[in-house]
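Biologist: Before we discuss anything, could you put the sequence and the structure up together, and then take me through what can be read from them step by step?

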Amino acid sequence: MALDDYYLLGRSGLRVSRLALGTMNFGQAGFHAPYGKTEDEARAIFRAYIDAGGNFIDTADFYTAGESERILGRLIAEAGIRERMVLTTKATNSVDSGDPNAGGNSRKHLIRALDESLRRLGTDYVDLFLLHTWDRITPIDEVLRTFDDLARAGKIRYAGLSDVPAWYAARAQTLADAHSLTPMVSLQLPYSLAERTIETEHIPMAQQLGLGITAWSPLASGFLTGKYQRDDAQGLAGEGRLTGDGSPARTWGDRHWDLLNTVKDVADKLGVTMAQVAVNWAATQPGVASAIVGASRPEQLRSSIEALGFELPTELRAALNDASTVAPESIYRMFTPEYQGWLVNAGAKVADKPAGYRPPVVNWR
(Lines give C-alpha, C1' and ligand atoms only; values in the text may rest on other atoms or scores of the structure.)
Protein backbone atom coordinates (compact mmCIF):
# COMPACT_ATOMS: atom_id res chain seq x y z
CA MET A 1 0.00 0.00 0.00
CA ALA A 2 1.30 3.47 -0.89
CA LEU A 3 0.36 7.08 -0.16
CA ASP A 4 0.51 8.17 -3.79
CA ASP A 5 -3.07 9.44 -4.00
CA TYR A 6 -3.26 13.11 -3.03
CA TYR A 7 -6.17 15.41 -2.19
CA LEU A 8 -6.60 19.16 -1.89
CA LEU A 9 -6.25 20.67 1.58
CA GLY A 10 -9.37 22.70 2.31
CA ARG A 11 -10.16 25.20 -0.42
CA SER A 12 -6.50 25.54 -1.42
CA GLY A 13 -4.74 24.00 -4.40
CA LEU A 14 -2.25 22.27 -2.08
CA ARG A 15 -2.10 18.49 -2.61
CA VAL A 16 -1.51 16.40 0.51
CA SER A 17 -1.41 12.74 1.45
CA ARG A 18 -4.45 11.19 3.11
CA LEU A 19 -2.22 10.36 6.07
CA ALA A 20 0.16 12.94 7.55
CA LEU A 21 3.24 11.94 9.52
CA GLY A 22 3.12 13.20 13.09
CA THR A 23 6.58 13.83 14.56
CA MET A 24 5.77 14.69 18.16
CA ASN A 25 8.06 11.83 19.23
CA PHE A 26 11.09 12.83 17.13
CA GLY A 27 13.71 13.67 19.78
CA GLN A 28 14.20 12.96 23.45
CA ALA A 29 13.87 16.29 25.19
CA GLY A 30 11.14 18.29 26.89
CA PHE A 31 7.56 17.34 27.63
CA HIS A 32 7.42 14.47 25.13
CA ALA A 33 10.75 12.91 26.12
CA PRO A 34 9.31 9.70 27.68
CA TYR A 35 8.11 8.59 24.24
CA GLY A 36 10.84 10.23 22.16
CA LYS A 37 12.91 8.55 19.49
CA THR A 38 16.56 9.01 18.67
CA GLU A 39 17.50 10.56 15.36
CA ASP A 40 18.34 7.15 13.91
CA GLU A 41 14.98 5.77 15.02
CA ALA A 42 13.21 8.82 13.62
CA ARG A 43 15.10 8.44 10.33
CA ALA A 44 13.75 4.93 9.83
CA ILE A 45 10.17 6.12 10.45
CA PHE A 46 10.62 9.15 8.18
CA ARG A 47 12.09 7.02 5.37
CA ALA A 48 9.20 4.55 5.61
CA TYR A 49 6.76 7.44 5.17
CA ILE A 50 8.44 9.10 2.19
CA ASP A 51 9.18 5.74 0.54
CA ALA A 52 5.43 5.09 0.62
CA GLY A 53 4.83 8.38 -1.22
CA GLY A 54 3.76 10.49 1.77
CA ASN A 55 4.33 14.23 1.54
CA PHE A 56 2.52 15.80 4.54
CA ILE A 57 4.67 16.31 7.67
CA ASP A 58 3.40 17.74 10.97
CA THR A 59 5.56 19.17 13.74
CA ALA A 60 5.57 22.11 16.20
CA ASP A 61 8.10 24.26 18.00
CA PHE A 62 6.90 22.73 21.28
CA TYR A 63 7.56 19.11 20.33
CA THR A 64 10.52 17.66 22.23
CA ALA A 65 11.63 21.20 23.06
CA GLY A 66 12.47 21.94 19.42
CA GLU A 67 14.30 18.67 18.75
CA SER A 68 11.51 17.44 16.47
CA GLU A 69 12.10 20.39 14.14
CA ARG A 70 15.88 20.04 14.25
CA ILE A 71 15.76 16.34 13.44
CA LEU A 72 13.17 16.87 10.69
CA GLY A 73 15.28 19.58 9.12
CA ARG A 74 18.30 17.30 8.98
CA LEU A 75 16.31 14.34 7.64
CA ILE A 76 14.66 16.40 4.89
CA ALA A 77 17.99 17.92 3.86
CA GLU A 78 19.64 14.52 3.93
CA ALA A 79 16.97 13.12 1.60
CA GLY A 80 17.08 16.23 -0.63
CA ILE A 81 13.27 16.49 -0.81
CA ARG A 82 12.40 19.87 0.68
CA GLU A 83 10.29 21.00 -2.28
CA ARG A 84 8.44 17.68 -2.35
CA MET A 85 7.37 17.96 1.29
CA VAL A 86 4.36 19.83 2.63
CA LEU A 87 5.96 20.90 5.89
CA THR A 88 3.71 22.04 8.74
CA THR A 89 4.68 23.61 12.05
CA LYS A 90 2.74 25.30 14.84
CA ALA A 91 3.27 27.98 17.46
CA THR A 92 1.48 29.16 20.62
CA ASN A 93 3.04 27.35 23.57
CA SER A 94 5.71 29.14 25.59
CA VAL A 95 9.33 28.67 24.58
CA ASP A 96 10.81 30.66 27.48
CA SER A 97 9.48 30.21 31.00
CA GLY A 98 8.77 33.49 32.72
CA ASP A 99 8.65 35.67 29.60
CA PRO A 100 5.00 36.74 29.04
CA ASN A 101 5.65 37.36 25.34
CA ALA A 102 7.31 33.99 24.72
CA GLY A 103 3.94 32.29 24.35
CA GLY A 104 0.46 32.99 23.05
CA ASN A 105 -0.66 34.22 19.64
CA SER A 106 0.54 37.81 19.60
CA ARG A 107 2.28 39.18 16.53
CA LYS A 108 5.48 39.47 18.57
CA HIS A 109 5.47 35.80 19.56
CA LEU A 110 4.26 34.29 16.27
CA ILE A 111 6.98 36.03 14.26
CA ARG A 112 9.64 35.09 16.81
CA ALA A 113 8.41 31.51 16.97
CA LEU A 114 8.32 31.08 13.20
CA ASP A 115 11.81 32.54 12.74
CA GLU A 116 13.17 30.11 15.31
CA SER A 117 11.30 27.20 13.71
CA LEU A 118 12.74 28.08 10.30
CA ARG A 119 16.22 28.12 11.81
CA ARG A 120 15.73 24.71 13.41
CA LEU A 121 14.16 23.25 10.27
CA GLY A 122 16.93 24.63 8.07
CA THR A 123 14.52 26.16 5.57
CA ASP A 124 13.39 29.65 4.61
CA TYR A 125 9.67 28.85 4.56
CA VAL A 126 7.08 26.40 5.81
CA ASP A 127 4.20 25.26 3.66
CA LEU A 128 1.60 25.45 6.43
CA PHE A 129 1.78 27.49 9.63
CA LEU A 130 -0.82 26.93 12.35
CA LEU A 131 -1.79 28.42 15.65
CA HIS A 132 -1.17 25.55 18.05
CA THR A 133 -4.18 26.50 20.13
CA TRP A 134 -6.43 29.43 21.06
CA ASP A 135 -4.79 31.61 23.71
CA ARG A 136 -8.16 33.22 24.66
CA ILE A 137 -6.90 36.82 24.65
CA THR A 138 -5.10 37.84 21.45
CA PRO A 139 -7.46 39.67 19.05
CA ILE A 140 -8.18 37.59 15.96
CA ASP A 141 -7.47 40.53 13.63
CA GLU A 142 -3.90 40.66 15.00
CA VAL A 143 -3.43 36.97 14.21
CA LEU A 144 -4.85 37.36 10.70
CA ARG A 145 -2.68 40.35 9.87
CA THR A 146 0.38 38.47 11.12
CA PHE A 147 -0.45 35.44 8.98
CA ASP A 148 -0.98 37.68 5.97
CA ASP A 149 2.31 39.51 6.48
CA LEU A 150 4.19 36.23 6.89
CA ALA A 151 2.64 34.93 3.68
CA ARG A 152 3.50 38.12 1.80
CA ALA A 153 7.07 37.88 3.12
CA GLY A 154 7.30 34.35 1.70
CA LYS A 155 7.90 32.73 5.09
CA ILE A 156 4.69 30.69 4.96
CA ARG A 157 2.70 29.42 1.99
CA TYR A 158 -0.60 28.72 3.78
CA ALA A 159 -2.14 29.42 7.19
CA GLY A 160 -4.39 27.44 9.46
CA LEU A 161 -5.59 26.77 12.99
CA SER A 162 -5.34 23.99 15.55
CA ASP A 163 -7.47 23.28 18.61
CA VAL A 164 -9.65 26.40 18.57
CA PRO A 165 -13.38 26.88 19.20
CA ALA A 166 -15.59 26.59 16.12
CA TRP A 167 -16.78 30.20 16.50
CA TYR A 168 -13.18 31.40 16.52
CA ALA A 169 -12.32 29.54 13.31
CA ALA A 170 -15.51 30.81 11.65
CA ARG A 171 -14.74 34.40 12.66
CA ALA A 172 -11.15 34.08 11.43
CA GLN A 173 -12.18 32.79 8.03
CA THR A 174 -14.98 35.32 7.63
CA LEU A 175 -12.72 38.26 8.49
CA ALA A 176 -9.98 36.94 6.20
CA ASP A 177 -12.48 36.75 3.33
CA ALA A 178 -13.97 40.17 4.06
CA HIS A 179 -10.59 41.90 4.13
CA SER A 180 -8.82 39.85 1.42
CA LEU A 181 -6.30 38.44 3.90
CA THR A 182 -4.60 35.06 3.70
CA PRO A 183 -7.39 32.50 4.33
CA MET A 184 -7.29 29.51 6.64
CA VAL A 185 -6.99 26.25 4.70
CA SER A 186 -6.61 23.75 7.55
CA LEU A 187 -8.06 23.05 10.98
CA GLN A 188 -6.25 20.51 13.15
CA LEU A 189 -8.41 18.81 15.79
CA PRO A 190 -8.60 15.60 17.87
CA TYR A 191 -10.93 13.14 16.15
CA SER A 192 -11.46 9.42 16.51
CA LEU A 193 -14.11 6.81 17.13
CA ALA A 194 -13.59 7.57 20.84
CA GLU A 195 -13.74 11.36 20.43
CA ARG A 196 -16.38 12.67 18.03
CA THR A 197 -17.39 15.93 19.69
CA ILE A 198 -16.05 18.05 16.81
CA GLU A 199 -18.94 16.77 14.68
CA THR A 200 -21.29 19.07 16.59
CA GLU A 201 -19.93 22.33 15.14
CA HIS A 202 -16.34 22.14 13.89
CA ILE A 203 -16.83 19.79 10.96
CA PRO A 204 -19.93 21.45 9.45
CA MET A 205 -18.26 24.84 9.92
CA ALA A 206 -15.09 23.64 8.19
CA GLN A 207 -17.07 22.18 5.30
CA GLN A 208 -18.97 25.43 4.81
CA LEU A 209 -15.92 27.71 5.04
CA GLY A 210 -13.31 25.64 3.23
CA LEU A 211 -11.05 24.40 6.02
CA GLY A 212 -9.68 20.89 5.60
CA ILE A 213 -9.78 18.99 8.89
CA THR A 214 -6.54 17.24 9.84
CA ALA A 215 -7.45 14.73 12.53
CA TRP A 216 -4.91 14.16 15.28
CA SER A 217 -4.95 11.13 17.59
CA PRO A 218 -7.16 8.95 15.34
CA LEU A 219 -6.25 6.05 17.67
CA ALA A 220 -7.27 7.99 20.81
CA SER A 221 -3.70 7.82 22.19
CA GLY A 222 -3.61 4.09 21.46
CA PHE A 223 -6.86 3.16 23.20
CA LEU A 224 -8.45 1.98 19.94
CA THR A 225 -5.63 -0.47 19.22
CA GLY A 226 -7.09 -2.79 21.85
CA LYS A 227 -3.80 -3.05 23.77
CA TYR A 228 -5.32 -1.80 27.04
CA GLN A 229 -7.46 -3.78 29.45
CA ARG A 230 -10.10 -2.56 31.82
CA ASP A 231 -8.91 -2.09 35.39
CA ASP A 232 -11.54 -1.20 37.97
CA ALA A 233 -8.94 0.40 40.23
CA GLN A 234 -7.04 2.49 37.68
CA GLY A 235 -9.50 2.65 34.79
CA LEU A 236 -7.24 0.78 32.39
CA ALA A 237 -4.06 -1.25 32.39
CA GLY A 238 -1.37 -1.95 29.81
CA GLU A 239 1.82 -0.39 28.53
CA GLY A 240 1.56 2.84 26.57
CA ARG A 241 0.92 6.56 26.73
CA LEU A 242 -2.38 6.18 28.57
CA THR A 243 -0.76 4.56 31.61
CA GLY A 244 2.55 6.46 31.70
CA ASP A 245 3.50 9.63 33.50
CA GLY A 246 1.83 12.65 31.93
CA SER A 247 -0.82 10.49 30.29
CA PRO A 248 -3.95 12.24 28.99
CA ALA A 249 -6.42 12.77 31.83
CA ARG A 250 -9.75 11.30 30.82
CA THR A 251 -12.31 8.75 31.93
CA TRP A 252 -12.97 5.55 30.01
CA GLY A 253 -16.52 4.44 30.62
CA ASP A 254 -18.75 1.57 29.59
CA ARG A 255 -19.43 3.20 26.22
CA HIS A 256 -15.71 3.18 25.33
CA TRP A 257 -15.18 -0.45 26.29
CA ASP A 258 -18.30 -1.48 24.37
CA LEU A 259 -16.93 0.47 21.41
CA LEU A 260 -13.72 -1.58 21.56
CA ASN A 261 -15.77 -4.76 21.18
CA THR A 262 -17.35 -3.35 18.02
CA VAL A 263 -13.98 -2.26 16.60
CA LYS A 264 -12.59 -5.75 17.24
CA ASP A 265 -15.61 -7.36 15.62
CA VAL A 266 -15.22 -5.20 12.49
CA ALA A 267 -11.47 -5.87 12.37
CA ASP A 268 -12.02 -9.62 12.62
CA LYS A 269 -14.58 -9.57 9.82
CA LEU A 270 -12.24 -7.65 7.52
CA GLY A 271 -9.08 -9.49 8.50
CA VAL A 272 -7.28 -6.31 9.60
CA THR A 273 -6.14 -4.87 12.91
CA MET A 274 -8.23 -2.74 15.25
CA ALA A 275 -5.81 0.15 14.70
CA GLN A 276 -6.31 -0.07 10.94
CA VAL A 277 -10.07 0.07 11.36
CA ALA A 278 -9.78 3.17 13.54
CA VAL A 279 -7.38 4.96 11.17
CA ASN A 280 -9.48 4.08 8.12
CA TRP A 281 -12.65 5.36 9.77
CA ALA A 282 -11.10 8.68 10.82
CA ALA A 283 -9.33 9.31 7.50
CA THR A 284 -12.49 8.72 5.46
CA GLN A 285 -14.99 10.69 7.51
CA PRO A 286 -16.75 13.74 5.99
CA GLY A 287 -14.70 16.91 6.21
CA VAL A 288 -11.42 15.14 6.99
CA ALA A 289 -8.61 16.00 4.59
CA SER A 290 -5.92 13.96 6.34
CA ALA A 291 -5.38 11.94 9.50
CA ILE A 292 -2.15 12.47 11.44
CA VAL A 293 -0.43 9.24 12.42
CA GLY A 294 2.67 8.85 14.53
CA ALA A 295 4.75 5.74 14.99
CA SER A 296 7.32 4.28 17.35
CA ARG A 297 8.84 2.12 14.61
CA PRO A 298 8.63 1.79 10.80
CA GLU A 299 6.50 -1.37 10.93
CA GLN A 300 3.85 0.43 12.94
CA LEU A 301 3.74 3.25 10.39
CA ARG A 302 3.48 0.82 7.47
CA SER A 303 0.55 -0.84 9.22
CA SER A 304 -1.18 2.55 9.48
CA ILE A 305 -0.55 3.21 5.79
CA GLU A 306 -2.10 -0.16 4.96
CA ALA A 307 -5.26 1.07 6.70
CA LEU A 308 -6.08 2.95 3.50
CA GLY A 309 -5.97 -0.28 1.49
CA PHE A 310 -9.54 -1.35 2.20
CA GLU A 311 -13.02 0.16 2.32
CA LEU A 312 -15.34 -0.09 5.28
CA PRO A 313 -18.55 -1.71 3.99
CA THR A 314 -21.66 0.37 4.64
CA GLU A 315 -23.03 -1.97 7.28
CA LEU A 316 -19.73 -2.12 9.21
CA ARG A 317 -19.27 1.66 9.12
CA ALA A 318 -22.82 1.96 10.41
CA ALA A 319 -21.98 -0.42 13.26
CA LEU A 320 -18.94 1.69 14.18
CA ASN A 321 -20.98 4.88 13.99
CA ASP A 322 -23.72 3.46 16.18
CA ALA A 323 -21.22 2.27 18.78
CA SER A 324 -19.33 5.57 18.93
CA THR A 325 -22.05 8.19 18.46
CA VAL A 326 -22.76 10.51 21.37
CA ALA A 327 -26.34 11.76 21.29
CA PRO A 328 -26.61 15.54 20.76
CA GLU A 329 -27.71 17.52 23.79
CA SER A 330 -29.25 20.89 24.52
CA ILE A 331 -29.78 23.09 21.47
CA TYR A 332 -27.97 20.62 19.19
CA ARG A 333 -30.93 18.25 19.41
CA MET A 334 -32.81 20.79 17.30
CA PHE A 335 -30.40 20.36 14.39
CA THR A 336 -30.89 16.60 14.00
CA PRO A 337 -32.68 15.18 10.94
CA GLU A 338 -35.34 13.71 13.24
CA TYR A 339 -36.19 17.01 14.91
CA GLN A 340 -36.11 19.06 11.71
CA GLY A 341 -38.04 16.47 9.74
CA TRP A 342 -40.73 16.51 12.39
CA LEU A 343 -41.01 20.26 13.11
CA VAL A 344 -39.09 22.35 10.56
CA ASN A 345 -40.18 20.48 7.44
CA ALA A 346 -43.30 18.81 8.86
CA GLY A 347 -42.73 15.57 6.99
CA ALA A 348 -41.74 17.11 3.62
CA LYS A 349 -38.59 15.60 2.07
CA VAL A 350 -36.09 18.44 1.80
CA ALA A 351 -32.39 18.29 0.91
CA ASP A 352 -29.80 20.89 -0.04
CA LYS A 353 -28.62 19.50 -3.41
CA PRO A 354 -29.63 16.56 -5.62
CA ALA A 355 -27.19 13.69 -5.99
CA GLY A 356 -24.54 14.49 -8.58
CA TYR A 357 -25.18 18.25 -8.42
CA ARG A 358 -21.46 18.83 -7.98
CA PRO A 359 -19.55 15.65 -8.87
CA PRO A 360 -15.89 15.52 -7.77
CA VAL A 361 -13.13 16.35 -10.20
CA VAL A 362 -10.63 13.52 -10.25
CA ASN A 363 -7.30 13.65 -12.07
CA TRP A 364 -6.22 10.06 -11.61
CA ARG A 365 -3.51 8.60 -13.78
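**From a buried strand to the surface**

Modeller: Let me begin with Ala20, whose place is in strand S3 (residues 19–22); please keep in mind that this is a predicted model.

Biologist: Is Ala20 buried or exposed?

Modeller: The relative accessible area of Ala20 is 1%, and the cut-off for calling a residue buried is under 20%. Ala20 is therefore buried.

Biologist: Leaving aside its neighbours within four places in sequence, with which residues is Ala20 in contact?

Modeller: Sequence distance is no guide here, since Ala20 and Ile305 are 285 residues apart in sequence and yet 9.9 Å apart in space, C-alpha to C-alpha. Once the neighbours within four places are set aside, the contacts of Ala20 are Tyr49, Phe56, Ser290, Ala291, Ile292 and Val293.

Biologist: How much space lies in the largest cavity?

Modeller: A search of the whole structure finds 1 cavity of 30 Å³ or more, and Ala20 is one of the residues that line the largest cavity, together with Phe56, Asp58, Thr88, Leu128, Ser186, Gln188, Thr214 and Ile292. The space in the largest cavity comes to about 40 Å³.

Biologist: How do the residues of that lining divide into nonpolar, polar and charged?

Modeller: Strand S4 (56–58) and strand S8 (184–190) each supply at least two residues of the lining. By class, the lining residues of the largest cavity divide into 4 nonpolar, 4 polar and 1 charged.

Biologist: Which residues touch the most other members of the largest nonpolar core, and which helix gives the most to this core?

Modeller: The largest nonpolar core has 99 residues, and among these Phe46 and Leu161 touch the most other members. With 7 residues, the helix that gives the most to this core is helix H8 (residues 274–283).

Biologist: Which residues does Leu161 touch, not counting those up to four places away in sequence?

Modeller: With residues up to four places away left out, the list for Leu161 includes Ser186 and Gln188, and these two also line the largest cavity. The others that Leu161 touches are Leu130, Leu131, Phe147, Tyr168, Ala169, Ala172, Met184 and Leu187.

Biologist: Turning to charged pairs, why does the salt bridge of Glu39 and Arg74 tie together parts that are 35 residues apart in sequence?

Modeller: The side chains of Glu39 and Arg74 meet in a salt bridge at 2.8 Å, N to O. Glu39 lies in helix H1 (residues 39–51) and Arg74 in helix H2 (residues 67–79), so the parts tied together are helix H1 and helix H2.

Biologist: Which residues are linked with Glu39 and Arg74 in a network of salt bridges?

Modeller: Glu39 is partly exposed at 23% relative accessible area, and Arg74 is partly exposed at 40%. Linked with Glu39 and Arg74 in the network are Asp40, Arg43 and Glu78.

Biologist: How many residues apart are Asp115 and Lys155, which also meet in a salt bridge?

Modeller: The side chains of Asp115 and Lys155 meet at 2.8 Å, N to O. Asp115 is in helix H3 (residues 107–121), whereas Lys155 is in the loop between helix H4 (140–152) and strand S7 (156–162), and the two are 40 residues apart.

Biologist: And what separates Lys269 and Asp265 within helix H7?

Modeller: Lys269 and Asp265 meet in a salt bridge of 3.3 Å, N to O, with Lys269 exposed at 57% relative accessibility and Asp265 partly exposed at 35%. Being 4 residues apart in helix H7 (residues 254–270), they are separated by about one helical turn.

Terms used: Residues are numbered from 1 along each chain as its sequence is written. This is a predicted model: local features need pLDDT of at least 70, side-chain atom pairs count only at pLDDT 80 or more; totals for chains, interfaces and linings use all residues. Side-chain values use heavy atoms; hydrogens and water are left out. A salt bridge is a side-chain nitrogen of Lys or Arg within 4 Å of a carboxyl oxygen of Asp or Glu. Buried means under 20% relative accessible area, exposed over 50%, partly exposed in between (1.4 Å probe, protein chains only). On a 1 Å grid over the protein atoms alone, a cavity is a set of points where a 1.4 Å probe fits but cannot get out, and a pocket is an open set with protein on both sides within 12 Å along at least five of seven lines; lining residues have an atom within 4 Å of a point. Grid points are joined across faces, edges and corners, and a volume is the space filled by probe spheres set on the points. Ala, Val, Leu, Ile, Met, Phe, Trp, Tyr, Cys and Pro count as nonpolar, Asp, Glu, Lys and Arg as charged, and the others, Gly among them, as polar. A nonpolar core is a set of buried Ala, Val, Leu, Ile, Met, Phe, Trp, Tyr and Cys residues joined through side-chain atoms within 4.5 Å. Contact means heavy atoms within 4.5 Å.
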